[in-house]
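Biologist: Could you take me through the empty spaces in this model, with a close look at the largest pocket? I'd like to hear what lines each space.

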Amino acid sequence: MDKYRKRSRKLCIATLIVTFICFVTNVIAQDAASIEAYTATTEVVSEASLPSTVGDLVLGLNTVWMLLAAMLVFFMQSGFALVEAGFTRVKNTANILMKNLVDFTFGSLLYWFIGFGLMFGVGSFVGMPHFFDLSFFDSELPVEGFLVFQTVFCATAATIVSGAMAERTKFFVYLIYSLAICALIYPISGHWTWGGGWLMNEEGSSFMMRTFGTVFHDFAGSTIVHSVGGWLALVGTAILGPRIGKYGKDGKSRAIPGHNLTLACLGVFILWFGWFGFNPGSQLAAAGEEDRFAISHVFLTTNLSACAGGFFALVVSWFKYGKPSLSLTLNGVLAGLVGITAGCDLVSPAGAAIIGAISGIVMIYSVDFIDKVLKIDDPVGASSVHGVCGFLGTVLTGLLATEEGLFYGGDAGFLGAQAFGAVIIGIWALVAGFILFKGLDMLFGLRVSKRIEEEGLDIYEHGESAYN
(Lines give C-alpha, C1' and ligand atoms only; values in the text may rest on other atoms or scores of the structure.)
Protein backbone atom coordinates (compact mmCIF):
# COMPACT_ATOMS: atom_id res chain seq x y z
CA MET A 1 0.00 0.00 0.00
CA ASP A 2 2.80 2.37 0.90
CA LYS A 3 4.60 1.47 -2.31
CA TYR A 4 1.47 2.25 -4.31
CA ARG A 5 1.11 5.61 -2.58
CA LYS A 6 4.74 6.47 -3.19
CA ARG A 7 4.47 5.54 -6.89
CA SER A 8 1.27 7.53 -7.24
CA ARG A 9 2.87 10.53 -5.58
CA LYS A 10 5.91 10.34 -7.86
CA LEU A 11 3.66 9.98 -10.89
CA CYS A 12 1.62 13.05 -9.88
CA ILE A 13 4.76 15.08 -9.31
CA ALA A 14 6.17 13.98 -12.64
CA THR A 15 2.90 14.82 -14.38
CA LEU A 16 2.82 18.26 -12.79
CA ILE A 17 6.42 18.91 -13.83
CA VAL A 18 5.77 17.83 -17.41
CA THR A 19 2.57 19.90 -17.55
CA PHE A 20 4.35 22.97 -16.18
CA ILE A 21 7.19 22.57 -18.69
CA CYS A 22 4.70 22.28 -21.55
CA PHE A 23 2.77 25.33 -20.32
CA VAL A 24 5.89 27.45 -20.01
CA THR A 25 7.12 26.33 -23.41
CA ASN A 26 3.78 27.15 -24.97
CA VAL A 27 3.66 30.60 -23.34
CA ILE A 28 7.18 31.39 -24.45
CA ALA A 29 6.37 30.28 -27.97
CA GLN A 30 3.21 32.40 -28.05
CA ASP A 31 5.06 35.41 -26.65
CA ALA A 32 7.80 35.00 -29.19
CA ALA A 33 5.25 34.77 -31.98
CA SER A 34 3.37 37.78 -30.62
CA ILE A 35 6.52 39.83 -30.30
CA GLU A 36 7.56 38.88 -33.80
CA ALA A 37 4.12 39.75 -35.17
CA TYR A 38 4.00 43.01 -33.20
CA THR A 39 7.48 43.94 -34.36
CA ALA A 40 6.57 43.29 -37.96
CA THR A 41 3.33 45.25 -37.64
CA THR A 42 5.09 48.13 -35.90
CA GLU A 43 7.70 48.26 -38.60
CA VAL A 44 5.00 48.37 -41.27
CA VAL A 45 3.00 51.04 -39.42
CA SER A 46 6.10 53.04 -38.60
CA GLU A 47 7.31 52.95 -42.17
CA ALA A 48 3.88 54.02 -43.36
CA SER A 49 3.40 56.76 -40.78
CA LEU A 50 6.86 58.31 -40.69
CA PRO A 51 7.23 61.37 -42.91
CA SER A 52 9.25 60.79 -46.02
CA THR A 53 11.46 63.77 -45.29
CA VAL A 54 12.30 66.07 -42.41
CA GLY A 55 10.50 68.78 -44.35
CA ASP A 56 7.21 66.89 -44.02
CA LEU A 57 7.68 66.72 -40.26
CA VAL A 58 8.43 70.45 -40.08
CA LEU A 59 5.40 71.28 -42.22
CA GLY A 60 3.18 69.11 -40.03
CA LEU A 61 4.37 70.83 -36.87
CA ASN A 62 3.87 74.25 -38.41
CA THR A 63 0.34 73.29 -39.46
CA VAL A 64 -0.53 72.17 -35.94
CA TRP A 65 0.89 75.44 -34.56
CA MET A 66 -1.21 77.49 -36.98
CA LEU A 67 -4.40 75.60 -36.12
CA LEU A 68 -3.70 75.82 -32.39
CA ALA A 69 -3.27 79.59 -32.73
CA ALA A 70 -6.54 79.75 -34.69
CA MET A 71 -8.29 77.96 -31.81
CA LEU A 72 -6.97 80.52 -29.33
CA VAL A 73 -8.10 83.44 -31.50
CA PHE A 74 -11.51 81.81 -31.92
CA PHE A 75 -11.78 81.57 -28.13
CA MET A 76 -11.37 85.36 -28.06
CA GLN A 77 -14.95 85.61 -29.37
CA SER A 78 -16.15 84.51 -25.94
CA GLY A 79 -13.90 87.13 -24.36
CA PHE A 80 -15.38 89.89 -26.49
CA ALA A 81 -18.88 88.68 -25.66
CA LEU A 82 -18.23 88.77 -21.91
CA VAL A 83 -16.49 92.17 -21.98
CA GLU A 84 -19.29 93.76 -23.97
CA ALA A 85 -22.02 92.12 -21.87
CA GLY A 86 -20.35 93.14 -18.61
CA PHE A 87 -19.89 96.77 -19.69
CA THR A 88 -23.54 97.15 -20.75
CA ARG A 89 -26.89 96.84 -18.97
CA VAL A 90 -28.58 93.60 -17.97
CA LYS A 91 -31.61 94.16 -20.22
CA ASN A 92 -29.44 93.88 -23.35
CA THR A 93 -27.22 90.93 -22.44
CA ALA A 94 -28.86 88.33 -24.69
CA ASN A 95 -28.65 90.75 -27.61
CA ILE A 96 -24.92 91.28 -27.00
CA LEU A 97 -24.25 87.55 -26.80
CA MET A 98 -26.31 86.87 -29.91
CA LYS A 99 -24.38 89.43 -31.95
CA ASN A 100 -21.03 87.95 -30.95
CA LEU A 101 -22.29 84.51 -31.92
CA VAL A 102 -23.58 85.72 -35.28
CA ASP A 103 -20.32 87.58 -36.02
CA PHE A 104 -18.48 84.33 -36.28
CA THR A 105 -21.13 82.10 -37.85
CA PHE A 106 -22.24 84.42 -40.65
CA GLY A 107 -18.81 86.01 -40.97
CA SER A 108 -17.14 82.64 -41.51
CA LEU A 109 -19.55 81.74 -44.30
CA LEU A 110 -19.16 85.09 -46.08
CA TYR A 111 -15.39 85.17 -45.70
CA TRP A 112 -15.16 81.66 -47.15
CA PHE A 113 -17.57 82.57 -49.95
CA ILE A 114 -15.98 85.80 -51.14
CA GLY A 115 -13.80 87.57 -48.53
CA PHE A 116 -10.83 85.18 -48.71
CA GLY A 117 -10.57 85.58 -52.49
CA LEU A 118 -10.81 89.36 -52.30
CA MET A 119 -8.06 89.42 -49.68
CA PHE A 120 -5.58 86.91 -51.16
CA GLY A 121 -6.50 86.79 -54.84
CA VAL A 122 -4.51 88.42 -57.61
CA GLY A 123 -5.15 92.12 -58.06
CA SER A 124 -3.81 95.59 -57.29
CA PHE A 125 -6.58 97.34 -55.35
CA VAL A 126 -8.51 94.16 -54.48
CA GLY A 127 -8.01 90.47 -55.17
CA MET A 128 -9.92 88.46 -57.73
CA PRO A 129 -12.97 86.82 -56.09
CA HIS A 130 -13.00 83.00 -56.12
CA PHE A 131 -16.43 82.02 -54.89
CA PHE A 132 -16.10 78.97 -52.62
CA ASP A 133 -12.94 77.97 -54.51
CA LEU A 134 -9.69 77.72 -52.55
CA SER A 135 -7.53 76.17 -55.25
CA PHE A 136 -6.17 79.57 -56.35
CA PHE A 137 -4.15 79.98 -53.15
CA ASP A 138 -0.65 78.51 -53.32
CA SER A 139 1.12 77.86 -50.02
CA GLU A 140 3.11 75.17 -48.24
CA LEU A 141 0.61 75.26 -45.40
CA PRO A 142 -2.78 73.62 -46.11
CA VAL A 143 -5.09 76.23 -47.59
CA GLU A 144 -8.03 74.98 -45.50
CA GLY A 145 -6.12 75.62 -42.28
CA PHE A 146 -4.91 79.00 -43.47
CA LEU A 147 -8.49 79.97 -44.34
CA VAL A 148 -9.61 79.12 -40.80
CA PHE A 149 -6.71 81.12 -39.36
CA GLN A 150 -7.62 84.17 -41.42
CA THR A 151 -11.33 83.75 -40.68
CA VAL A 152 -10.89 84.18 -36.93
CA PHE A 153 -8.99 87.43 -37.52
CA CYS A 154 -11.79 88.69 -39.78
CA ALA A 155 -14.38 87.85 -37.10
CA THR A 156 -12.36 89.84 -34.57
CA ALA A 157 -12.57 92.99 -36.73
CA ALA A 158 -16.32 92.58 -37.07
CA THR A 159 -17.08 91.94 -33.41
CA ILE A 160 -15.29 95.12 -32.26
CA VAL A 161 -18.14 97.14 -33.76
CA SER A 162 -20.88 95.33 -31.82
CA GLY A 163 -19.76 96.65 -28.43
CA ALA A 164 -19.54 100.28 -29.52
CA MET A 165 -23.03 100.24 -31.06
CA ALA A 166 -24.59 98.20 -28.27
CA GLU A 167 -27.94 98.74 -26.56
CA ARG A 168 -29.79 100.59 -29.34
CA THR A 169 -29.10 98.93 -32.72
CA LYS A 170 -31.65 96.89 -34.68
CA PHE A 171 -30.54 93.28 -34.86
CA PHE A 172 -31.31 92.66 -38.53
CA VAL A 173 -29.43 95.83 -39.50
CA TYR A 174 -26.52 94.64 -37.41
CA LEU A 175 -26.50 91.42 -39.46
CA ILE A 176 -26.22 93.40 -42.68
CA TYR A 177 -23.30 95.59 -41.67
CA SER A 178 -21.48 92.72 -39.98
CA LEU A 179 -21.66 90.76 -43.22
CA ALA A 180 -20.44 93.78 -45.19
CA ILE A 181 -17.41 94.08 -42.92
CA CYS A 182 -16.49 90.40 -43.31
CA ALA A 183 -17.18 90.18 -47.04
CA LEU A 184 -15.88 93.52 -48.31
CA ILE A 185 -14.42 96.17 -45.99
CA TYR A 186 -11.91 94.05 -44.05
CA PRO A 187 -10.79 91.87 -47.02
CA ILE A 188 -10.07 94.89 -49.25
CA SER A 189 -7.75 96.68 -46.82
CA GLY A 190 -6.39 93.28 -45.82
CA HIS A 191 -5.44 92.71 -49.46
CA TRP A 192 -3.36 95.89 -49.45
CA THR A 193 -1.25 94.42 -46.67
CA TRP A 194 -1.37 90.72 -45.83
CA GLY A 195 -2.72 89.85 -49.28
CA GLY A 196 0.39 91.16 -51.03
CA GLY A 197 -1.14 94.44 -52.16
CA TRP A 198 0.42 97.83 -52.74
CA LEU A 199 1.27 98.66 -49.11
CA MET A 200 3.42 95.52 -48.91
CA ASN A 201 4.90 95.53 -52.42
CA GLU A 202 8.69 95.24 -52.07
CA GLU A 203 9.50 95.69 -55.74
CA GLY A 204 11.89 98.57 -56.37
CA SER A 205 9.42 100.35 -58.64
CA SER A 206 6.49 100.10 -56.20
CA PHE A 207 4.94 103.19 -54.59
CA MET A 208 6.06 102.29 -51.07
CA MET A 209 9.67 101.56 -52.06
CA ARG A 210 9.96 104.71 -54.18
CA THR A 211 8.38 106.90 -51.50
CA PHE A 212 9.68 105.46 -48.23
CA GLY A 213 12.34 102.93 -49.21
CA THR A 214 10.48 100.24 -47.25
CA VAL A 215 7.01 98.74 -46.85
CA PHE A 216 4.28 98.93 -44.24
CA HIS A 217 4.66 96.47 -41.34
CA ASP A 218 1.79 95.15 -39.25
CA PHE A 219 2.80 91.76 -37.88
CA ALA A 220 -0.51 90.63 -36.38
CA GLY A 221 -3.00 93.42 -37.06
CA SER A 222 -2.88 96.54 -34.87
CA THR A 223 -4.10 98.43 -37.93
CA ILE A 224 -5.33 95.71 -40.26
CA VAL A 225 -7.66 94.13 -37.70
CA HIS A 226 -8.07 96.36 -34.63
CA SER A 227 -7.84 99.84 -36.10
CA VAL A 228 -10.24 98.92 -38.92
CA GLY A 229 -12.75 97.63 -36.37
CA GLY A 230 -12.19 100.64 -34.11
CA TRP A 231 -12.71 103.27 -36.83
CA LEU A 232 -15.80 101.47 -38.09
CA ALA A 233 -17.10 101.47 -34.52
CA LEU A 234 -16.45 105.20 -34.19
CA VAL A 235 -18.28 106.26 -37.36
CA GLY A 236 -21.12 103.79 -36.79
CA THR A 237 -21.65 105.00 -33.23
CA ALA A 238 -21.58 108.65 -34.35
CA ILE A 239 -24.31 108.02 -36.94
CA LEU A 240 -26.33 105.89 -34.53
CA GLY A 241 -26.38 108.52 -31.79
CA PRO A 242 -26.02 108.22 -28.00
CA ARG A 243 -28.17 106.06 -25.72
CA ILE A 244 -31.18 107.65 -24.09
CA GLY A 245 -30.09 109.45 -20.94
CA LYS A 246 -26.39 109.46 -21.78
CA TYR A 247 -26.23 113.26 -22.11
CA GLY A 248 -28.24 115.67 -20.01
CA LYS A 249 -29.94 118.86 -21.17
CA ASP A 250 -26.76 120.71 -20.27
CA GLY A 251 -24.82 118.45 -22.64
CA LYS A 252 -22.77 116.84 -19.89
CA SER A 253 -22.00 113.15 -20.10
CA ARG A 254 -23.66 110.85 -17.58
CA ALA A 255 -22.21 107.51 -16.62
CA ILE A 256 -24.29 104.43 -17.50
CA PRO A 257 -22.57 101.65 -15.52
CA GLY A 258 -22.32 98.15 -16.88
CA HIS A 259 -24.22 95.45 -15.02
CA ASN A 260 -21.42 92.98 -14.29
CA LEU A 261 -17.71 93.82 -14.02
CA THR A 262 -17.04 90.20 -13.06
CA LEU A 263 -18.02 89.13 -16.58
CA ALA A 264 -15.98 91.97 -18.04
CA CYS A 265 -12.89 90.99 -16.06
CA LEU A 266 -13.22 87.34 -17.06
CA GLY A 267 -13.62 88.44 -20.67
CA VAL A 268 -10.40 90.45 -20.52
CA PHE A 269 -8.50 87.47 -19.11
CA ILE A 270 -9.86 85.32 -21.95
CA LEU A 271 -8.84 87.92 -24.51
CA TRP A 272 -5.38 88.17 -22.92
CA PHE A 273 -5.04 84.39 -23.15
CA GLY A 274 -6.28 84.34 -26.73
CA TRP A 275 -3.78 87.03 -27.72
CA PHE A 276 -1.02 84.47 -27.19
CA GLY A 277 -2.43 82.82 -30.30
CA PHE A 278 -3.19 86.10 -32.04
CA ASN A 279 0.38 87.44 -31.98
CA PRO A 280 2.78 84.47 -31.73
CA GLY A 281 0.52 82.48 -34.06
CA SER A 282 1.02 85.06 -36.79
CA GLN A 283 4.53 83.69 -37.22
CA LEU A 284 2.74 80.71 -38.84
CA ALA A 285 5.69 78.46 -38.00
CA ALA A 286 7.25 76.93 -34.90
CA ALA A 287 9.50 74.10 -36.05
CA GLY A 288 12.81 75.78 -36.88
CA GLU A 289 15.28 77.47 -34.56
CA GLU A 290 14.47 80.91 -35.94
CA ASP A 291 10.74 80.34 -35.56
CA ARG A 292 10.85 79.04 -31.99
CA PHE A 293 12.90 82.04 -30.88
CA ALA A 294 10.57 84.38 -32.80
CA ILE A 295 7.36 83.08 -31.22
CA SER A 296 8.96 83.15 -27.76
CA HIS A 297 10.00 86.76 -28.28
CA VAL A 298 6.53 87.73 -29.50
CA PHE A 299 4.96 85.94 -26.54
CA LEU A 300 7.11 88.00 -24.15
CA THR A 301 6.55 91.37 -25.82
CA THR A 302 2.81 90.74 -25.99
CA ASN A 303 2.57 90.00 -22.28
CA LEU A 304 4.80 92.89 -21.20
CA SER A 305 2.79 95.40 -23.21
CA ALA A 306 -0.47 94.13 -21.73
CA CYS A 307 0.90 94.40 -18.19
CA ALA A 308 2.27 97.91 -18.79
CA GLY A 309 -0.99 99.03 -20.35
CA GLY A 310 -3.02 97.81 -17.40
CA PHE A 311 -0.64 99.20 -14.79
CA PHE A 312 -0.37 102.69 -16.26
CA ALA A 313 -4.12 102.87 -16.90
CA LEU A 314 -4.62 102.04 -13.22
CA VAL A 315 -2.19 104.74 -12.08
CA VAL A 316 -3.55 107.45 -14.37
CA SER A 317 -7.18 106.67 -13.53
CA TRP A 318 -6.27 106.86 -9.83
CA PHE A 319 -4.74 110.32 -10.21
CA LYS A 320 -7.37 111.57 -12.64
CA TYR A 321 -10.52 110.34 -10.87
CA GLY A 322 -9.31 109.75 -7.31
CA LYS A 323 -9.95 106.00 -7.44
CA PRO A 324 -8.20 103.14 -9.29
CA SER A 325 -10.87 102.21 -11.85
CA LEU A 326 -11.31 98.51 -12.63
CA SER A 327 -13.07 99.17 -15.92
CA LEU A 328 -10.34 101.52 -17.15
CA THR A 329 -7.62 99.12 -15.96
CA LEU A 330 -9.26 96.31 -17.93
CA ASN A 331 -9.37 98.51 -21.02
CA GLY A 332 -5.74 99.46 -20.32
CA VAL A 333 -4.73 95.81 -20.62
CA LEU A 334 -6.58 95.57 -23.93
CA ALA A 335 -5.02 98.85 -25.10
CA GLY A 336 -1.55 97.44 -24.43
CA LEU A 337 -2.40 94.25 -26.31
CA VAL A 338 -3.75 96.17 -29.31
CA GLY A 339 -0.79 98.56 -29.36
CA ILE A 340 1.89 95.87 -29.41
CA THR A 341 0.24 93.73 -32.09
CA ALA A 342 1.84 95.59 -35.01
CA GLY A 343 5.45 95.46 -33.88
CA CYS A 344 5.59 92.59 -31.39
CA ASP A 345 8.17 90.87 -33.59
CA LEU A 346 10.42 93.94 -34.07
CA VAL A 347 10.57 95.75 -30.72
CA SER A 348 12.60 94.82 -27.64
CA PRO A 349 10.95 93.85 -24.34
CA ALA A 350 11.62 97.38 -23.07
CA GLY A 351 10.08 98.81 -26.24
CA ALA A 352 7.02 96.61 -25.72
CA ALA A 353 6.59 97.95 -22.18
CA ILE A 354 6.85 101.52 -23.50
CA ILE A 355 4.23 100.88 -26.18
CA GLY A 356 1.92 99.31 -23.59
CA ALA A 357 2.38 102.19 -21.15
CA ILE A 358 1.70 104.84 -23.80
CA SER A 359 -1.33 102.93 -25.10
CA GLY A 360 -2.80 102.54 -21.61
CA ILE A 361 -2.41 106.24 -20.83
CA VAL A 362 -3.64 107.53 -24.20
CA MET A 363 -6.66 105.22 -24.03
CA ILE A 364 -7.98 106.99 -20.90
CA TYR A 365 -7.74 110.45 -22.44
CA SER A 366 -9.15 109.18 -25.73
CA VAL A 367 -12.22 107.71 -23.98
CA ASP A 368 -12.72 111.04 -22.22
CA PHE A 369 -12.32 113.04 -25.45
CA ILE A 370 -14.69 110.89 -27.52
CA ASP A 371 -17.30 110.86 -24.77
CA LYS A 372 -17.20 114.47 -23.53
CA VAL A 373 -15.93 116.47 -26.51
CA LEU A 374 -17.15 114.58 -29.57
CA LYS A 375 -20.32 113.45 -27.73
CA ILE A 376 -20.03 109.96 -29.20
CA ASP A 377 -21.44 107.29 -26.89
CA ASP A 378 -19.23 104.18 -26.98
CA PRO A 379 -20.33 101.94 -24.07
CA VAL A 380 -17.22 99.74 -24.09
CA GLY A 381 -14.55 102.19 -25.30
CA ALA A 382 -13.92 100.16 -28.46
CA SER A 383 -13.11 103.21 -30.57
CA SER A 384 -10.31 104.20 -28.21
CA VAL A 385 -8.96 100.75 -27.37
CA HIS A 386 -8.94 99.40 -30.91
CA GLY A 387 -9.02 102.43 -33.20
CA VAL A 388 -6.76 104.92 -31.42
CA CYS A 389 -4.38 102.40 -29.80
CA GLY A 390 -4.20 100.31 -32.98
CA PHE A 391 -3.09 103.41 -34.90
CA LEU A 392 -0.75 104.48 -32.10
CA GLY A 393 0.96 101.09 -31.77
CA THR A 394 1.55 100.93 -35.52
CA VAL A 395 3.24 104.34 -35.59
CA LEU A 396 5.29 103.62 -32.43
CA THR A 397 6.71 100.57 -34.19
CA GLY A 398 8.35 103.01 -36.60
CA LEU A 399 10.15 104.58 -33.62
CA LEU A 400 10.96 101.52 -31.49
CA ALA A 401 11.73 98.72 -33.95
CA THR A 402 15.26 97.56 -33.10
CA GLU A 403 16.44 97.40 -36.73
CA GLU A 404 14.66 100.14 -38.71
CA GLY A 405 13.18 102.24 -35.90
CA LEU A 406 14.04 105.93 -35.72
CA PHE A 407 15.16 105.65 -32.08
CA TYR A 408 17.57 102.85 -33.03
CA GLY A 409 19.42 104.67 -35.78
CA GLY A 410 17.02 104.07 -38.63
CA ASP A 411 15.96 106.80 -41.03
CA ALA A 412 12.51 108.36 -41.23
CA GLY A 413 11.45 106.09 -44.08
CA PHE A 414 10.16 103.26 -41.93
CA LEU A 415 8.35 105.66 -39.60
CA GLY A 416 6.80 107.33 -42.63
CA ALA A 417 5.67 104.00 -44.05
CA GLN A 418 4.05 103.06 -40.73
CA ALA A 419 2.25 106.37 -40.37
CA PHE A 420 1.15 106.39 -44.01
CA GLY A 421 -0.22 102.84 -43.87
CA ALA A 422 -2.09 103.46 -40.63
CA VAL A 423 -3.61 106.69 -41.98
CA ILE A 424 -4.62 105.23 -45.35
CA ILE A 425 -6.27 102.17 -43.80
CA GLY A 426 -7.95 104.42 -41.23
CA ILE A 427 -9.37 106.65 -43.95
CA TRP A 428 -10.60 103.58 -45.84
CA ALA A 429 -12.40 102.27 -42.75
CA LEU A 430 -13.95 105.66 -41.93
CA VAL A 431 -15.15 106.34 -45.49
CA ALA A 432 -16.41 102.82 -46.12
CA GLY A 433 -18.05 102.79 -42.69
CA PHE A 434 -19.77 106.13 -43.30
CA ILE A 435 -21.20 104.93 -46.62
CA LEU A 436 -22.31 101.64 -45.06
CA PHE A 437 -23.91 102.98 -41.88
CA LYS A 438 -25.42 106.09 -43.46
CA GLY A 439 -26.91 103.98 -46.24
CA LEU A 440 -28.39 101.48 -43.79
CA ASP A 441 -29.73 104.29 -41.63
CA MET A 442 -31.48 105.87 -44.63
CA LEU A 443 -32.88 102.56 -45.88
CA PHE A 444 -33.92 100.80 -42.67
CA GLY A 445 -32.97 102.98 -39.72
CA LEU A 446 -30.10 101.82 -37.52
CA ARG A 447 -31.85 102.42 -34.23
CA VAL A 448 -34.65 100.66 -32.37
CA SER A 449 -37.63 102.63 -31.10
CA LYS A 450 -37.49 104.57 -27.83
CA ARG A 451 -39.71 102.06 -26.03
CA ILE A 452 -37.57 99.08 -27.05
CA GLU A 453 -34.40 100.86 -25.99
CA GLU A 454 -35.83 101.78 -22.62
CA GLU A 455 -37.23 98.32 -21.87
CA GLY A 456 -34.34 96.37 -23.37
CA LEU A 457 -33.52 94.64 -26.64
CA ASP A 458 -33.52 91.12 -25.23
CA ILE A 459 -37.29 90.59 -25.11
CA TYR A 460 -38.26 92.71 -28.11
CA GLU A 461 -35.51 91.53 -30.47
CA HIS A 462 -35.07 87.92 -29.32
CA GLY A 463 -38.07 87.03 -27.20
CA GLU A 464 -35.90 85.90 -24.28
CA SER A 465 -33.74 87.26 -21.50
CA ALA A 466 -30.21 86.29 -20.46
CA TYR A 467 -31.24 86.13 -16.79
CA ASN A 468 -34.43 84.54 -15.45
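Modeller: Happy to! In this predicted model, the largest pocket holds about 780 Å³ of space. Its lining counts 27 residues, and those closest to the centre are Lys-246, Ala-255, Ser-327, Leu-328 and Val-367. Two helical elements, α10 (326–340) and α11 (349–372), each give two or more residues to this lining. Of these, α11 gives the most, with 5 residues. By class, the lining of the largest pocket splits into 12 nonpolar, 7 polar and 8 charged residues.

For context, here is the next pocket. The second largest pocket has about 270 Å³ of space. Among the 14 residues lining it, Trp-194, Asp-218, Phe-219, Ser-282 and Leu-284 are the closest to its centre. Here helix α4 (residues 143–164) gives the most to the lining, with 4 residues. The lining of the second largest pocket comprises 9 nonpolar, 4 polar and 1 charged.

Now to enclosed space. The count comes to 1 cavity of 30 Å³ or more, and the largest cavity has a volume of about 100 Å³. It is lined by 14 residues, with Phe-80, Val-83, Val-380, Ala-382 and His-386 nearest its centre. The elements that supply two or more residues to this lining are α2 (54–87), α4, α10 and α12 (382–400). In the cavity lining there are 8 nonpolar, 5 polar and 1 charged residues. Helix α10 thus links back to your pocket: α10 gives two or more residues to the lining of the largest pocket and two or more to that of the largest cavity.

Technical notes: Residues numbered from 1 in each chain as written. Predicted model: local features only at pLDDT ≥ 70, side-chain atom pairs only at ≥ 80, totals over all residues. Heavy atoms only, no water. 1 Å grid on protein atoms, 1.4 Å probe; cavity = no way out; pocket = protein on both sides within 12 Å on 5 of 7 lines; lining within 4 Å. Points joined across faces, edges and corners; volume = space filled by probe spheres on them. Nonpolar A, V, L, I, M, F, W, Y, C, P; charged D, E, K, R; others polar.
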